[in-house]
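Trainee: Could you take me on a close look at a single part of this structure? I would like one connected account, starting from one residue and working outwards.

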Amino acid sequence: MQKRVITIQDISCVGRCSLTVALPIISAAGIETSILPTAILSTHTGGFEGYTFRDLTDDIEPIVDHWKSLSLQAAAVYTGYLGSEHQQKLIADIFTAYKAQGSLIFVDPAMADNGQLYPAFDMDFALGMRDLCAMADLIVPNITEATLMLQRDYPGDDYDQEYIEDLLRSLSDLGPGQVVLTGVSFSFDRIGAAAYTRATDSIDYYFTNRIDGYYHGTGDIYSSALLAAIVNDTPIFDAIKIACEFTFESIKRTYASGEDPKYGVDFESGLGEFAGLFD
């Protein structure tokens, strides 16, 4: 039977991020992808001005109630960017319902980068995201998000392998059995991810070359590719490798093209090869 993933994020009509990357990437891996939109925007909020925004919080409960009437099953429930503490509370109820049926709970706590919360959020939101991560099986924070949830100082680039491994284990102590930390780098020219599995107390790393610049939506691309691999029963090291390489190649194509990075990166050209990994 074909597996289904439910992904709960916003829709940015222009600018590759959130649902507009999660839906095609997970679908390309042969997984039915059902969506629960939290908001709809004319563009994403990074680098664009004058964008429109419609909050869909009031639609979440009626949609989920209808799904309950259908006894809708899911191999995994995947959350990315959420817009408010109210949404966090609604999502917690969804997690409880789907955990009871054995669904994998996968959280990308998309709320911060480069040492700073996104403008719409405060520490109460960060602690609410920590509570959601405590309910998850697998979480995918960057270093900024990790330190916020653990209420630690952001280290910038001043950290070593011991620091990263302590961060991973401390995040797992919140609740999730697996933690993938993104944006990990021990040298100027390499960047990647570290994965911790509590059951075996094991840590895996994978790195690619670093490409200059800041590219919107790459965290969403990484998380979506990672989840697609995990749901297809890929071991964690191979899954972080697949996600790192897919994200790297998407950035590489965009850098070579000279396209304005605020529109996101060209992941679409790699979907055929990505799909072939799961044949």
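Mentor: Happy to! Pro109 has a relative accessible area of 0%, so this residue counts as buried, the cut-off being under 20%. Please keep in mind that we are looking at a predicted model. Pro109 sits in the loop that links β5 (104-107) to β6. Its C-alpha atom is 6.2 Å from that of Gly80, although 29 residues separate the two along the chain. Setting aside neighbours within four places in sequence, Pro109 is in contact with Met129, Cys133, Val140, Pro141, Glu145 and Met149.

Two of those partners, Glu145 and Met149, lead us to a helix, since both are among the buried residues of α5. Helix α5 spans residues 143-150, and eight of its eight residues are buried. Along with Glu145 and Met149, the buried residues are Ile143, Thr144, Ala146, Thr147, Leu148 and Leu150. What do they pack against? Their partners are β6 (112-113), β7 (116-117), α4 (123-135), α6 (161-173) and β9 (178-187). Both ends of the helix have a detail to look at. At the start of α5, a side-chain oxygen of Asn142 comes to within 3.1 Å of the backbone nitrogen of Thr144. Just after α5, Gln151 has a positive phi of about 55°.

From Ile143 we can step on to Ile164, as the two are in contact. Outside the four places on either side of it in sequence, Ile164 also contacts Tyr159, Leu181, Val184, Phe186, Ala194 and Tyr205. Ile164 belongs to the largest nonpolar core, which has 47 residues, and together with Tyr98 and Leu181 it touches the most other members. Another core, of 42 residues, lies apart from that one, and Val140, Tyr222, Leu226 and Phe267 are among its members. Val140 brings us back to where we began, being one of the contacts of Pro109.

Gly80 offers a second way out from our starting point, for it is also in contact with Gln9. Gln9 belongs to strand β1 (residues 4-14), and it counts as buried because its relative accessibility is 0%. The Gln9 side chain makes polar contacts with the side chains of Thr7, at 3.0 Å, and of Tyr78, at 3.5 Å. Beyond four places in sequence, the residues touching Gln9 include Ser18, Leu19, Leu36, Pro37, Thr38, Thr79 and Tyr81, as well as Ala22 and Asp220.

Ala22 and Asp220 then point us to a pair of helices: Ala22 lies in α1 and Asp220 in α7. In general, two packed helices are described by the distance between their axes and the angle between them. For α1 (residues 19-28) and α7 (residues 218-231), the axes come within 9 Å and cross at roughly 30°. That angle is under 35 degrees, so α1 is roughly parallel to α7. Their crossing is right-handed. From α1, Val21, Ala22, Ile25 and Ile26 take part, meeting Asp220, Ile221, Ser224, Ala225, Leu227 and Ala228 of α7.

Notes
Residues numbered from 1 in each chain as written. Predicted model: local features only at pLDDT ≥ 70, side-chain atom pairs only at ≥ 80, totals over all residues. Heavy atoms only, no water. Buried < 20%, exposed > 50% of the residue type's maximum accessible area, 1.4 Å probe, protein only. Helix = DSSP H or I, 4+ residues; strand = E, 2+ residues; numbered from the N terminus. Contact = heavy atoms within 4.5 Å. Polar contact = N/O pair within 3.5 Å; in protein donor to acceptor, adjacent residues only side chain to side chain. Core = buried A, V, L, I, M, F, W, Y, C linked by side-chain atoms within 4.5 Å. Axes fitted to C-alpha atoms, helices over the stretch in contact; angles between N-to-C directions. Parallel < 35°, antiparallel > 145°, perpendicular 65-115°, else oblique. Left-handed = near helix turned anticlockwise from the far one by under 90°.
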